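Subject: Structure handover

Hello,

Here is the structure for you to look over. My notes on aromatic contacts, charges over rings and cysteines follow below it.

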Amino acid sequence: MCDGIGRQAPGRMATLAVRKFPAPVTSREVFMGNDALSILDKRTQATYEVPIEDGTIRAMDLRKIKTGPDDFGLMTYDPAFMNTGSCRSAITFIDGDKGILRYRGYPIEQLAEKCTFLEIAYLLLSGELPTETQLKEWRKQIIHHTMLHETSKKFLEGFRYDAHPMGMFISTVAALSTVYPDARNVHDPASRNLQICRLIGKVPTIAAYTYRHSLGFPYVYPDNDLGYAENFMNMLWRMMEPKYTANPILARALDILFILHADHEQNCSTNVMRSVGSSQADPFVSTAAAAAALSGPLHGGANEEVLKMLDQIGSKDKVPAYIAEIKAGRGKLMGFGHRVYKNYDPRARIIKWAADSVFEITGKNPKLEIALELERIALEDEYFVKRKLYPNVDFYSGIIYQAMGFKPEMFTVLFAIPRTVGWLAQWQELVQDPEQKIARPRQIYTGYEARDVVELEKRALATAPVTAQP
Ligand code: SDX
């Protein structure tokens, strides 16, 4: 698939042959059935038939609903895309009411139990789980790309000693686009595959280097004898020993956490990956943009906020008072709630299970007691029950990460490493989707009507001074 370091095997087909994108059903085929809306526009008494396809109507079909020839036609208005499908995707399926998550049809519980993260990466990108031979070849492709160009290390040296690792991660991933200008060939499958392997191989190295930079420690080069999670741990924690040996239980727990964080259909950061990618920007800057979205406290930054919240609560007996504050509208329960899951996040359940194996090695994280009490009370309290607020993927992950020795500032970087695979699978699907074009939403204009400019010298204070909107 991506042969060697930057060398492209002449004429070799991509080994990760992604299945052809299913052509969209034409509205005529759909239109023949009863799957349609009849819309009466009371402004004109005109009626319209709008086809229903896959439980949706095409927003563009509404544009024919006009009050006259000069009318632009109807649009939908959907702040934060609460009820808008932006694409067709075969990668991840979520049933939020039932708490179901599947990658390419496989339940997340089975994948976490039976697979390694690199198998999942192959699955998300190609659509199928690899055979042993394919996995061996795939692993070889990825470890070819774990090294960073030496200039990237100098780039990292430009950051302050206390720079947040997520800021360093985002910037360094974006900087890779200057190292690999061939990444701009987004319509060349072989180039796409090469960049995908580069990014999957390099993100753990970048993540580990941001951590070592924050400690003032020398960088540790990748050791390609090791597995994906073990090699990451090696680059994080090897000191003077000639060969790093990861604790197999901690390495497996990290691998499972990577699996759980790999993809989650059209979440905020994936939407950014698709939006930036839709302009045909290269996958490095698109991934950096997605990571920037992930860093927000309402999204991937929540795992770090959960630890701050547990520190703020301080002890189990103070949980009821904290909950009362939240119910009074003073703050949010970080790690709780989800736009899609209106049931327990299946990933949170698996993380809780994985925590036990980690704590057997590291000793129990005292914050677990506070978290369990918070969950117990919240799941019984009408305020949270009514709003269907359950623990999400971020509620317990930070407690494990901290027990493994990670600082809270690293938690979102740990989310970004595996989610890079999901972003790339979604980007690859976007580039191959004949229905997609550059993303450009419309708006409802609420500003001034047309008005004439007054010359500077005549601009008395007739107009109120401009103040930032509240
Ligand atoms: C991730 O989309 C994905 O798939 C994301 C993700 C992925 O894998 O990519 O799953 C990863 O981002 C998980 C979410 C991590 N974020 C947090 O844990 C931050 C805390 N959670 C909330 O900010 C919130 O629940 C969101 C952002 C996750 C979802 O917000 P929504 O869907 O926009 O819901 P909302 O803000 O409209 O809330 C509905 C009601 C409101 O109350 P009312 O106005 O009806 O009175 O529920 C309340 C909210 O105030 N509410 C919360 C709450 N979350 C929602 N109240 C207290 N604590 C919370 N956490």
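**Cysteines**

Cys 268 counts as partly exposed, at 45% relative accessibility. Please keep in mind that this is a predicted model. Cys 87 is partly exposed too. Its relative accessible area is 23%.

How many disulfides does the structure hold? The number is 0. Cys 87 is in no disulfide. Its nearest cysteine sulfur belongs to Cys 268, 14 Å away. The reverse also holds: Cys 268 is in no disulfide, and the nearest cysteine sulfur to it is that of Cys 87. A disulfide needs the two sulfur atoms within 2.5 Å. At 14 Å, Cys 87 and Cys 268 do not form one.

**Aromatic pairs**

The count comes to 15 aromatic pairs. Two of them are worth setting out here.

Take Phe 395 and Tyr 396. Their ring centres are 4.8 Å apart. The planes stand at 80°, so this pair is edge-to-face; the cut-off for that class is over 60 degrees. Are these residues buried or exposed? Phe 395 is buried, with a relative accessible area of 0%. Tyr 396 is buried as well, at 2%.

Now Tyr 401 and Phe 411. Here the ring centres lie 5.6 Å apart. The planes meet at 45°, so the pair is tilted. Which helices does this pair bring together? Tyr 401 sits in helix H17, which covers residues 393-404. Phe 411 belongs to helix H18, residues 411-432. The pair therefore ties together parts that are 10 residues apart in sequence. Tyr 401 is buried, with a relative accessible area of 0%. Phe 411 also counts as buried, at 0% relative accessibility.

**Aromatic cluster**

Tyr 401 and Phe 411 are also members of one aromatic cluster. The other members are Phe 117, Tyr 228, Phe 232, Trp 237, Phe 258 and Phe 406.

**Charges over rings**

Two arginines to look at in the viewer. Arg 63 lies over the face of Phe 72. The distance to the ring centre is 3.7 Å. Arg 387 has its charged end over the ring of Tyr 383. That charged end is 3.7 Å from the centre of the Tyr 383 ring.

Best wishes

How values were computed:
Residues numbered from 1 in each chain as written. Predicted model: local features only at pLDDT ≥ 70, side-chain atom pairs only at ≥ 80, totals over all residues. Heavy atoms only, no water. Phe/Tyr/Trp six-rings, centres within 6.5 Å; stacked < 30°, edge-to-face > 60°. Buried < 20%, exposed > 50% of the residue type's maximum accessible area, 1.4 Å probe, protein only. Helix = DSSP H or I, 4+ residues; strand = E, 2+ residues; numbered from the N terminus. Lys NZ or Arg CZ within 6 Å of the ring centre and 35° of its normal.
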